[in-house]
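Reader: Hello! Could you take me through one part of this model, the protein surface beside the DNA, with the cut-offs spelled out as you go?

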2 protein chains.
Amino acid sequence: MSFTKLELRPERRASRATMSDLARVCGLSKMTVSRALAGRSGVSAVTRKKVRAAAKKLNYELHSAAQNLNTNRSGFIGIATPWEGLIGSNYFAEICRGFSHAMKGTAIDVALFDTLSESFNDGTKLAKLYRQRKVDGLLVVAPHANDSFLKTLGSLHVPLVVVGESLPDPSTCWVSCDNSEGVKSVCKHLVDLGHKRIAFVGGPKELTSAARRRKAFLDFCRQHKLAVPPHYLQMGDYTMLGGRTAALTLLKSPEPPTAIVAANDLMAFGVIESARELDIKIPNDLSVAGFDDLPTAAERCPSLTTVHQPVFEMAEQSARILLQSLENNEIPSGHVKMKVTLVIRDSTGPCPVN
Amino acid sequence: MSFTKLELRPERRASRATMSDLARVCGLSKMTVSRALAGRSGVSAVTRKKVRAAAKKLNYELHSAAQNLNTNRSGFIGIATPWEGLIGSNYFAEICRGFSHAMKGTAIDVALFDTLSESFNDGTKLAKLYRQRKVDGLLVVAPHANDSFLKTLGSLHVPLVVVGESLPDPSTCWVSCDNSEGVKSVCKHLVDLGHKRIAFVGGPKELTSAARRRKAFLDFCRQHKLAVPPHYLQMGDYTMLGGRTAALTLLKSPEPPTAIVAANDLMAFGVIESARELDIKIPNDLSVAGFDDLPTAAERCPSLTTVHQPVFEMAEQSARILLQSLENNEIPSGHVKMKVTLVIRDSTGPCPVN
DNA sequence: TTGTAGGCGTTATCAG
DNA sequence: CTGATAACGCCTACAA
């Protein structure tokens, strides 16, 4: 129930051609014009051509609000995400690309919402957007674990897909990658290289994916009987600086690790920076691995061993699910977990013998 | 004249409460309900309270399409930008933040469009969005110099602000930073440090800002009688890899520069990487400067001397201009050029004497 | 302070 | 294949 706070002087009568104008000019009824322009069947080729020509001549454009009122659709799908931390990221970019790639040819556009904006606090904003018909459906990207709206997602009856990790509300539809498997495959790789002292730089608590990756690391170590002294479990914030700080602590500790796994690539870059500062050679003295496979991971020097996450495909998949729910007027449900792949590059190597 | 290609089964009757329902429940007319909810004057406190309570109880939400049809506004402002290269960037993130900061309290939401998508080719998409009333106004961010739609912007009669450099169409409203002054201040700084052999790594041709920065560099050199051998003018693509490649060429050339100015920070980072590979010390052997002042520019090691560009403020300013045009039903015009500031950090130092 | 009538521009329905 | 009529849900204008 939020209404316009800013009063904009309404420009009530648009000075544009309407369908009635077209109809008059063509000597047809509005209905025939509508059908012709929408490309429906049941209009003679001649009529259609006439209408199209007139539309071009009058510079006619459909008034979407009028159409929306009738069809009860807005033509927008919303992408909601915590702007802080995400909106400038490669992850977000890939989401947009994948999403709009799947939307190509649908006349559906993208609206953008910040889950961290105040209006999201009450957890009803998503439903409101939908009930107001500002959007026909929603993609929620990488929500924070403590976002209050998550718990109520299932009860909103909104066409909605979450990209990220599993959620408190089991009926919610979500698409994720296998974070757990990803971390374990890196660890396995390091163990195969002979490493026994492996440290982990985790991501921010509020991100569900970060929690999952951290848990996977601990599970792996327990399973493989690797000791994890408390300081081998650093907390980062998914930024380079965070990785650098964490690594500094690790590398200066009495028993430094021979390998560091960062919960994302950005932090892995930070780890590499701090190794440089301390004149520790990678991968000779220290192995470093990340998670995400950013475009720069391959370009850096040394190139980064990491886990590739198919973000583009995840977004595409989400879009398809959303589209299908719209077509069938149903609320999507179920999980999709996409495969990740370990990409071995130059930042990891055999455990140094010392 | 593009119409829905994908046919979505319309769900014509929304099963939601309408204003009439509210009116009936309250024993009032639709008008009174409308007034009460919109917060207009001329409604008794009791009535208003009653209406609000009923709205909450019925879970009522305004149908935006109906409202839009009346007011002839969509409630969306579009941000159009080349997704490739921009959407994952810090620049874009700052634009969004600044923009939505200025929009706070206005009930206006953001729609996102890709200027590189095929539909933009014909140069009429912007106008179409507006004429269809999908958006009330547009922010065009960092358009490509060769974008065909730029030439026609002035004639579109669309509330539109461009963030970027000057444009072919002089009547267009645009907001930029003083790219020229920025580059010159870096160069001045380097000259003051004794540098005479300064090279430049330029940005991609298609970006108007890149062209402006490059020109400023050349102007400065001419003015200060600095020699610019052809290879001192490298072409980059605003990525780290581009900077690295360009720097490799420069540093391995017979007469390498003592200072390198990159047209953006990302490329400056690449320059630093390649210096590292060649074991060239910064700033002792080589000074490096960038442009943008990315958050990481301060955190890196060495921290980067660069030009701070007030992107957030530019976006805020654009938003204000756009808002005002909407309020006054007019097309914005004029330029705003924001100040930039040189930020001196550790990557630049005195010219080595050799 | 509240109500009535009518229209915004499009599409569904049903008839011709 | 085409047309008349009636929505869609809200808001403006004017009247009470």
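Author: Happy to; here is a walk along the surface beside the two DNA strands, followed by a helix pair found there.

This is a predicted model, where local features need pLDDT of at least 70, side-chain atom pairs count only at pLDDT 80 or more, and totals for chains, interfaces and linings use all residues. Residues are numbered from 1 along each chain as its sequence is written, while chains are lettered from A and ligands numbered from 1 in the order in which they are written.

Let's start with DNA strand C, which has 28 residues around it. A residue is near a strand if its C-beta atom, placed from the backbone, lies within 6 Å of it. The closest ones are M19(A), S34(A), H63(A), A66(A) and S29(B). Two or more residues each come from α1 (19-26), α2 and α4 of chain A, and from α2 and α4 of chain B. Helices here are DSSP runs of H or I with at least four residues, and strands are runs of E with at least two, numbered from the N terminus. With 5 residues, α4(A) provides the largest share. By class, this surface has 12 nonpolar, 13 polar and 3 charged residues. Nonpolar means Ala, Val, Leu, Ile, Met, Phe, Trp, Tyr, Cys and Pro; charged means Asp, Glu, Lys and Arg; the others, Gly among them, are polar.

Now to DNA strand D, surrounded by 27 residues. T32(A), T18(B), M19(B), S34(B) and A66(B) are the closest. The elements giving two or more residues are α2 (30-38) and α4 (64-71) in chain A and α2 (30-38) and α4 (64-71) in chain B. For this strand the largest share, 5 residues, belongs to α4(B). The classes come to 12 nonpolar, 12 polar and 3 charged.

M19(B) and S34(B), both among the closest to DNA strand D, also take part in a helix contact. The axes of α1(B) (residues 19-26) and α2(B) come within 8 Å and cross at roughly 105°. Axes are lines fitted to C-alpha atoms, for helices over the stretch in contact, with angles from 0 to 180 degrees between N-to-C directions. The two helices are therefore roughly perpendicular, a label for angles of 65 to 115 degrees. On the α1(B) side, M19(B), S20(B), L22(B), A23(B) and C26(B) meet K30(B), V33(B) and S34(B) of α2(B); contact means C-beta atoms, placed from the backbone, within 7 Å.

Technical notes
Parallel < 35°, antiparallel > 145°, perpendicular 65-115°, else oblique. Contact = placed C-beta atoms within 7 Å.
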